[in-house]
Amino acid sequence: MDRNPIPDAGLNSRDDALGRLRPRLRDVAAGQGVVVTITGPVACGKTSLLDALTDLPGFLVLRALCSAEESVLPYGVLDQLTDHETVASRAPGFVPLPGARATDASSGVDAARLANQFTRAVLRLSAERPVMVVVDDVDRADPESLLSLRHLARRVGAARVALVFTELRQPLPPTSHSTFHADLLGLSYYEEIGLRPLSPGDVAEFVREQLGVADGEDQLGAAGGFAADFFGTTGGNLLLVRGLINDLRTTRTAADAQGWPIAGDVVVGAAFRHAYLGSLHRCGPAAVGVARAAAVLGDATDDRLVSRLSGVAAGQIGRVRCMMGESGLLRGLSFPHPEARSAVLDDLSPAERRRLHGLALDALVAQSAPADVLAVHQTRSRRNRGPGAAEVYAAAATLACRRGELDVAAERLEEAYVAAEDAESRAALRFRLAMSEWRRDPGLVARHVPELAAASAAGLLPPWHAVLLASWLLLAGRIREALPVLQRCRFPAQARVEVRTWTRALSVLYPELSIADQCDLADRDDRAERTGQADRAEQDGRADGSDGTALGELVALPVSAESWARVVTAYAHALRGRSARAVEEAEQVLRLIDSSHCPGGDAAIGVTALFSLVYAGDADCTQLWCEKLTATADAQGSASAEAALAAVRAELAVRRGDFPAAVEAGRAALSTLSLPSWGVVASLPLSCLVVAHTRIGRYDEAARYLEEAVPEATDRSVFGLHQLWARGQYHLATGHAHAAYTDLRICGERMQRWRMDVSDLLTWRVGVAETLLAQDGPCMEGRRLLREELDRAPTGRVRGLALLAMAGYSAIGRRVELLEQAVELLAGDRYARARAHADLGDTYTLLKQHVRARQAFGSARLLAQACGAVPLLNRLGAEAAEAAEADGSPAQRVAALTDAEARVASLAAAGCTNREIAMRLFVTASTVEQHLTKIFRKLGVRNRRDLPTDLAAGYQVTIRRAGL
């Protein structure tokens with residue numbers, strides 16, 4: 001590894017250097033000449049140090065500023081030094097010198113004679129008054145002027161002359177300067193002073209001076225870390241610091257004009273970009289080449305690659321990096337801020353950028369770099385056509401999926417599709433793209449369906465892909481389009497077991513469609529035999545022959561046939577009432593997923609397993625595994641998985657009587673995925689929201705969710721059962737018992753007809769009995785249904801609900817026993833237990849046992865308040881304050897927001913778009929989106945239209961609280 005050739009010891013601050021130079025300059029007046037070179041990185045204060053020196057009294061100052069453009073202009077520096085009225089009056093013989101550059105070698109102009117004339121002129125002037133010859137950026141001086149300066153430097157030891165040069169400290173000085181430096185180093189009166197970049201303290205002080213004490217103190221003090229951010233972005237480069245200050249001023253002016261708040265963050269804009277490019281080009285061609293190579297290569301860079309792209313020798317890359325690091329331009333091979341890299345890339349012409357990306361692609365292919373790295377350079381070099389390019393893009397998409405970067409995966413698959421040339425490859429890539437977008441948002445798949453359907457009809461899709469295409473269509477409620485796709489499938493005999501597993505899963509989605517009979521398993525004549533096997537399996541209690549399902553919300557290619565077979569088996573057990581076996585199978589699947597950490601199909605399998613546990617009545621186990629899968633889904637960034645798991649959480653919350661949590665989870669599910677993207681599965685979160693709002697007493701909200709448009713096919717799917725159940729509960733709570741009876745009765749009839757009459761799925765018998773009791777009082781039908789439920793449920797929550805309802809059908813002397821049993825069995829359902837306590841209190845009151853009645857009512861109030869059941873609290877005669885607290889006031893919810901979330905919420909409530917919010921708060925649009933997701937979840941709203949309107953009115957309070 002290269003050692004840093006630039007010494008970091010003995011470097012001086014600008015004030016220290018000035019302190020060292022002042023005594024030396026005082027000696028000049030006594031005839032002790034001095035030659036000084038001030039070295040340092042770009043924009044470390046060399047020029048400002050010269051300004052301070054030239055302000056010292058008593059000196060005649062001859063000053064020149066070198067530039068790259070004039071480095072090829074003979075005697076350009078001497079022109080500047082002699083363009084002085086004192087030189088013209090005191091050394092008239094030297095005045096014709098400017099014309100020397102217009103002559104050529106044949107005119108007899110002698111460089112040595114001109115150097116001698118220049119020296120004599122300066123020495124003549126020093127006899128009258130000390131002379132200070134100042135040359136800024138001497139490393140850019142033309143060779144002819146350097147010859148004259150060398151001549152003068154050798155003769156000022158006993159003269160009242162000070163020569164002060166500044167130059168960029170760099171690892172590769174121009175060749176023409178080698179002799180110049182060698183001559184200076186040989187002089188006894190020569191001194192070299194190295195400047196260091198500005199320190200964090202220097203930067204902070206400079207910013208205070210430039211912004212003004214009041215503003216500067218407020219920004220640097222109150223916004224803690226502001227000065228550190230300034231230094232971290234600039235590395236002490238004064239030019240970059242000035243650029244940031246100008247950007248901040250520009251932003252502040254725009255914000256003041258619009259009445260926006262000013263966040264305490266560094267603002268990087270056009271001034272910084274210009275300053276960065278100026279500093280970079282000042283460092284020379286090698287530095288420019290290295291920066292451009294690093295910008296093109298991005299994170300996948302090293303010295304060898306940079307050398308290949310930049311043309312700088314590999315042995316010199318380390319030295320150039322050190323120089324750029326000292327100048328605040330690079331940290332290793334990384335940029336101090338994304339805008340710096342952006343500025344370097346924008347400085348390239350399109351052709352040069354393509355050339356560099358092409359070089360990078362060739363070099364990285366030789367190094368066997370990862371496909372996702374190659375894909376970037378493949379696109380930007382426009383070498384993005386043909387089978388090879390398509391293969392790279394497809395491999396890059398696979399890597400992105402594994403990282404959970406589904407948007408990147410979709411982009412790469414789009415590029416692969418464009419790169420592919422044959423129809424079969426394009427069909428396969430289109431399918432993979434649809435798969436990737438399904439995980440992000442199932443609604444995105446619709447745009448791919450026409451092409452995939454055509455590919456299926458043309459035989460370009462493998463049978464498995466065709467089944468999955470049909471699955472997407474069925475979940476979207478597009479039955480008429482799905483069935484022809486299934487009917488065209490031709491499966492080999494060896495795939496029968498896997499296909500049966502999958503088609504049985506879809507059969508439970510639409511129990512009356514007989515989906516398994518739509519697929520051709522290469523031999524349709526054996527269907528009767530398979531049907532007989534299925535019947536015998538059902539009689540034997542085996543799930544292999546029963547209809548099972550994958551939830552389907554996240555349908556994907558199975559990770560393994562065994563995993564899907566197990567989860568379908570678990571689901572089938574749950575829907576057939578074999579709870580213990582369902583829990584056993586589901587947990588085996590979940591343990592397999594937890595150990596494999598594989599995204600994709602595992603998410604679909606996992607959610608299916610969770611609902612198997614729900615329908616098996618094991619809420620505690622479901623909660624544990626739901627939390628694990630939620631953490632994995634958050635890390636993978638799968639919106640579909642996050643939404644489906646939120647629906648699971650909503651269902652669990654309803655079953656345990658935590659209605660505020662159910663509302664939060666249900667709204668999170670619908671805000672993560674738009675309602676059309678859910679297809680027929682939308683009934684899951686919608687039904688939870690209807691029941692939760694009904695229990696809370698927000699009947700208008702419940703009615704609104706009931707009116708949400710869902711696909712027509714929902715009524716024919718298993719998810720339509722949840723819709724019927726929720727609507728029945730709403731009708732019962734709002735006094736429409738007959739409508740509730742109709743809904744719940746239809747729900748029960750379908751469950752029986754579809755062979756999924758499981759009470760842990762939906763307790764329709766209890767619901768019907770309650771509607772009958774509300775209509776006409778105790779009746780025979782209600783008692784019969786409850787006795788059936790009690791016979792089917794020997795223990796657990798379902799039995800507790802049946803006992804609670806049966807108490808209403810029983811004589812007063814029998815109620816206490818039934819309700820006390822219900823209280824014990826309903827420990828995991830706070831709402832049902834609160835009802836049981838309330839009914840027990842009513843019963844004790846009728847029995848004149850007032851002490852026990854008060855105790856029962858007290859327990860009921862505590863539970864009702866905990867689960868947010870305002871109507872139940874009202875029935876119990878609770879105070880208004882208790883009911884308001886249970887309802888969860890908007891003020892309490894808003895108070896739970898962080899300062900950053902409160903600022904975003906206030907602007908969103910005021911009608912600002914995400915882009916406008918990002919501009920006003922000086923954050924990125926993606927940050928705003930992340931805040932809004934959390935805000936919606938905390939406030940229990942679906943979108944910005946549902947945000948409390950008083951948030952906008954309270955915006956000034958919010959920003960004062962944030963200290964802005």
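Partly exposed, the label used for several residues below, sits between buried, which is under 20% relative accessible area, and exposed, which is over 50%. Keep in mind that everything shown here comes from a predicted model.

**View 1. A salt bridge joins Arg 63 to Asp 51.** Here the closest N and O atoms are 3.0 Å apart. The two partners come from distant parts of the chain, 12 residues apart. Arg 63 belongs to strand E2 (residues 60–65), while Asp 51 belongs to helix H2 (residues 46–54). Asp 51 has 33% relative accessibility, so it gets the partly exposed label. Arg 63 is partly exposed too, with a relative accessible area of 29%.

**View 2. Arg 403 and Glu 405 pair up through their side chains.** This is another salt bridge, with an N to O distance of 3.0 Å. Arg 403 comes in at 38% relative accessibility, which means it counts as partly exposed. Glu 405, with a relative accessible area of 31%, is partly exposed as well.

**View 3. Arg 727 reaches Asp 743 in a salt bridge between two helices.** The closest N and O atoms are 3.0 Å apart. Arg 727 is part of helix H36 (residues 719–733) and Asp 743 is part of helix H37 (residues 737–753), so the bridge ties together parts of the chain 16 residues apart in sequence. Is Asp 743 buried or exposed? Asp 743 counts as buried, because its relative accessibility is just 6% and the cut-off for buried is under 20%. Arg 727, on the other hand, is partly exposed, with a relative accessible area of 29%.

**View 4. Six side chains share a salt-bridge network.** The acidic members are Asp 757, Glu 788 and Glu 789. They are linked with Arg 765, Arg 784 and Arg 792. For the wider picture, the structure holds 44 salt bridges.

**View 5. Ile 812, Leu 846 and Leu 847 make a nonpolar patch on the surface.** Which residues should you look for here? Find Ile 812, then Leu 846 and Leu 847; together they offer about 230 Å² of accessible area. Leu 846 is found in helix H42, which covers residues 830–846. With 54% relative accessibility, Leu 846 counts as exposed, because that label applies to anything over 50%.

Note on methods:
Residues are numbered from 1 along each chain as its sequence is written. This is a predicted model: local features need pLDDT of at least 70, side-chain atom pairs count only at pLDDT 80 or more; totals for chains, interfaces and linings use all residues. Side-chain values use heavy atoms; hydrogens and water are left out. Patches are made of residues with over 30% relative accessible area and no salt bridge: like charges are joined within 9 Å, nonpolar side chains (Val, Leu, Ile, Met, Phe, Trp, Tyr) within 5 Å. Accessible areas come from the Shrake-Rupley method with a 1.4 Å probe; for residues, only the protein chains shown count as cover. A salt bridge is a side-chain nitrogen of Lys or Arg within 4 Å of a carboxyl oxygen of Asp or Glu. Helices (H or I, at least four residues) and strands (E, at least two) are DSSP runs, numbered from the N terminus. Buried means under 20% relative accessible area, exposed over 50%, partly exposed in between (1.4 Å probe, protein chains only).
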